[in-house]
Amino acid sequence: MDDRTRLENRERYVVGLMSGTSVDGIDAAVVRIAGKAGQQPEVSLVAFENRSYPLDVRSEIFELFNPSRATVDRVGRMNAHLGELYAQAALSVIAKAGLRPEDIASIGSHGQTIYHAPEAYIRDGFDLRYTVQIGEGAVIAARTGIPCVTDFRVADMAAGGQGAPLVPFTEYLLYREESRTLLLQNIGGIGNITVIPAGCAPEQVYAFDTGPGNMLIDGIVTRLYGGSITMDTGGEIARKGNVNDAMLRWLQQEPYYASPLPKSTGRERFGSDYVEDLLRYQREHGLSSEDLVATVTKLTAWSIGDAYRRFVRSENPADEMLVGGGGSYNPTLIGFLKQEMEPMGVRVRIQEEIGLSSDAKEAIAFALLADYTIARLPNNLPSVTGASRAVVMGKVSY
């Protein structure tokens, strides 16, 4: 079937694969899509799985976040290795859906980000902003026999954009309402917010990274407990602690929060070096482990509220915030977030409260983005990323 006409079919199945900055594992979703791209699609989740990375793979990915250790041979080998793991995840979720590989129109894989540098870097008159996601699409396509779309961000960056966030394109398609202004808040490793004004056109949508999501919480917990646990499951550690106001005020001075839109961030800013600074502060001021975790959990919630106050409320006062991502399963974090948002008249709910899946949301998004790529239709929002024009994102391997 010709790629240009693939989306003329009334119904098709697409696999979405997502691995975020928290490096928790691979989210794999089989999605049923009906309707033509360019129109509001009907999208339903058919099957979903999360496959944890093998511990040695996860450990090596974290080493690759350090540019001095991310040598060409190590990055190249892990690129191929992750391609194999993503292919296995795709085949597994296809089987779970009761389908065969030949039933699947395409696969969209975000890949594992190991470095993201969206700021303009001018050399010889060229703007050399760049990003690196690994997980070889050619390997995924070879193992599954299904066209695979990868490396989404670079086309947007070539057009002058930040290459992030990308999910707002799909959020506009799936969530917009005529009478209510909605906020879609994802809390993965990084937090990002999408603003969908009531009855808006695509160019009126905007989105940006609010700051750390689970990244600092996970990093702190991993270090405090020697790697025996890597996250604050259910927010239990933070719940036992008290927020240290002095430390919170210090953390709130981070320049990123006040920097103008469009903007995005990642592990380059809020990664291991930042965690070391927090642990040093803990030692110098005698904070308990529980108080430290409570404080960084509060910081994530505060950064979301601060972003709304700075960049959203005056122009687009919102009715509701829908929260997805791993952070939505942290009741302590959600409690802090409600304390931030609800006094401003914004109701906070998680995806499950409206019958959807926080875990699967981004994998579904990359299935839909791939669907547009295969049809050669633009799938970025320049108003969100800062790109000079709409572009078709993604590289296709057959």
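**Note on the predicted model**

1. **The first hairpin.** Six residues separate β1 and β2 in their hairpin, and Val23 there has a positive phi near 60 degrees. This is a predicted model, so read such local details as computed values. Strand β1 covers residues 11–18 and pairs with β2 in the antiparallel sense, over eight bridges. Within that pairing, Val15 stands opposite Val30 of β2.

2. **Strand β2 in the middle of its partners.** On to the next strand. β2 is also joined to β3 (residues 42–52), by ten bridges, and these two run antiparallel. Gly25 has Ser52 in β3 as its bridge partner. Is β2 enclosed or open? Ten of the ten residues of β2 (residues 25–34) are buried, so the strand is largely enclosed by the rest of the structure.

3. **A second enclosed strand.** Look next at β12, residues 206–212. Seven of its seven residues are buried, so β12 is largely enclosed by the rest of the structure. β12 pairs with β11 (residues 190–196), antiparallel, over six bridges. One of the paired positions is Val195, whose bridge partner in β12 is Tyr206.

4. **The chain as a whole.** The protein chain has 14 helices and 15 strands. Its radius of gyration is 20 Å, close to the 21 Å given by the globule rule for 398 residues, so the chain is as compact as a globular protein of that length. The C-alpha trace spans about 65 × 50 × 50 Å along its principal axes. Of the 398 residues, 57% count as buried. Take the contacts between residues at least 6 apart in sequence: 69% of them join residues at least 24 apart.

5. **The cavity.** How many cavities of 30 Å³ or more does the structure hold? There is one. The largest cavity contains about 40 Å³ of space. Its lining consists of Pro165, Leu166, Pro168, Phe169, Asn379, Asn380, Leu381, Val384, Thr385 and Met393. Two elements give two or more residues to this lining: α5 (168–175) and α14 (382–385). By class, the lining has seven nonpolar residues, three polar and no charged.

6. **Pro165 and its peptide bond.** Pro165 belongs to the cavity lining. It also follows a cis peptide bond from Ala164, with omega about -15 degrees. Pro165 sits in the loop between α4 (153–158) and α5. Check this bond when viewing the model.

7. **A second cis proline.** Leu261 and Pro262 are likewise joined by a cis peptide bond, and here omega is about -10 degrees. Pro262 is in the loop between α8 (245–251) and α9.

8. **The second largest pocket.** This pocket has a volume of about 760 Å³. Its lining comprises 30 residues, and those closest to the centre are Phe62, Phe65, Arg267, Gly271 and Ser272. Which elements give two or more residues to the lining? They are α1 (55–64), β5 (112–117), α6 (215–224), α9 (267–270) and α10 (272–285). The residue classes are evenly split: ten nonpolar, ten polar and ten charged.

9. **Glu171.** Is Glu171 buried or exposed? Its relative accessibility is 2%, under the 20% cut-off, so Glu171 counts as buried. This residue lies in helix α5. Setting aside neighbours within four places in sequence, Glu171 is in contact with Arg176, Leu184, Thr194, Ile196 and Lys361. Asn244 is 73 residues away along the chain, and the C-alpha atoms of the pair are separated by 36 Å.

10. **Gly76.** Gly76 lies in helix α2 (residues 72–96). At 40% relative accessibility, Gly76 counts as partly exposed. Its C-alpha atom and that of Ile350 are separated by 38 Å, and the two residues are 274 apart along the chain.

11. **Two aspartates with positive phi.** Asp124 has phi near 55 degrees, a positive value in a residue other than glycine. Asp124 is placed in the loop between β6 (122–123) and β7 (126–127). With 69% relative accessibility, Asp124 counts as exposed. Asp151 also has a positive phi, near 55 degrees. Asp151 is in the loop between β9 (148–150) and α4.

Notes:
Residues are numbered from 1 along each chain as its sequence is written. This is a predicted model: local features need pLDDT of at least 70, side-chain atom pairs count only at pLDDT 80 or more; totals for chains, interfaces and linings use all residues. Side-chain values use heavy atoms; hydrogens and water are left out. Buried means under 20% relative accessible area, exposed over 50%, partly exposed in between (1.4 Å probe, protein chains only). Helices (H or I, at least four residues) and strands (E, at least two) are DSSP runs, numbered from the N terminus. Two strands pair if DSSP finds at least two bridges between them. On a 1 Å grid over the protein atoms alone, a cavity is a set of points where a 1.4 Å probe fits but cannot get out, and a pocket is an open set with protein on both sides within 12 Å along at least five of seven lines; lining residues have an atom within 4 Å of a point. Grid points are joined across faces, edges and corners, and a volume is the space filled by probe spheres set on the points. Ala, Val, Leu, Ile, Met, Phe, Trp, Tyr, Cys and Pro count as nonpolar, Asp, Glu, Lys and Arg as charged, and the others, Gly among them, as polar. The radius of gyration is taken over C-alpha atoms; the globule rule is 2.2 Å times the number of residues to the power 0.38. Contact means heavy atoms within 4.5 Å.
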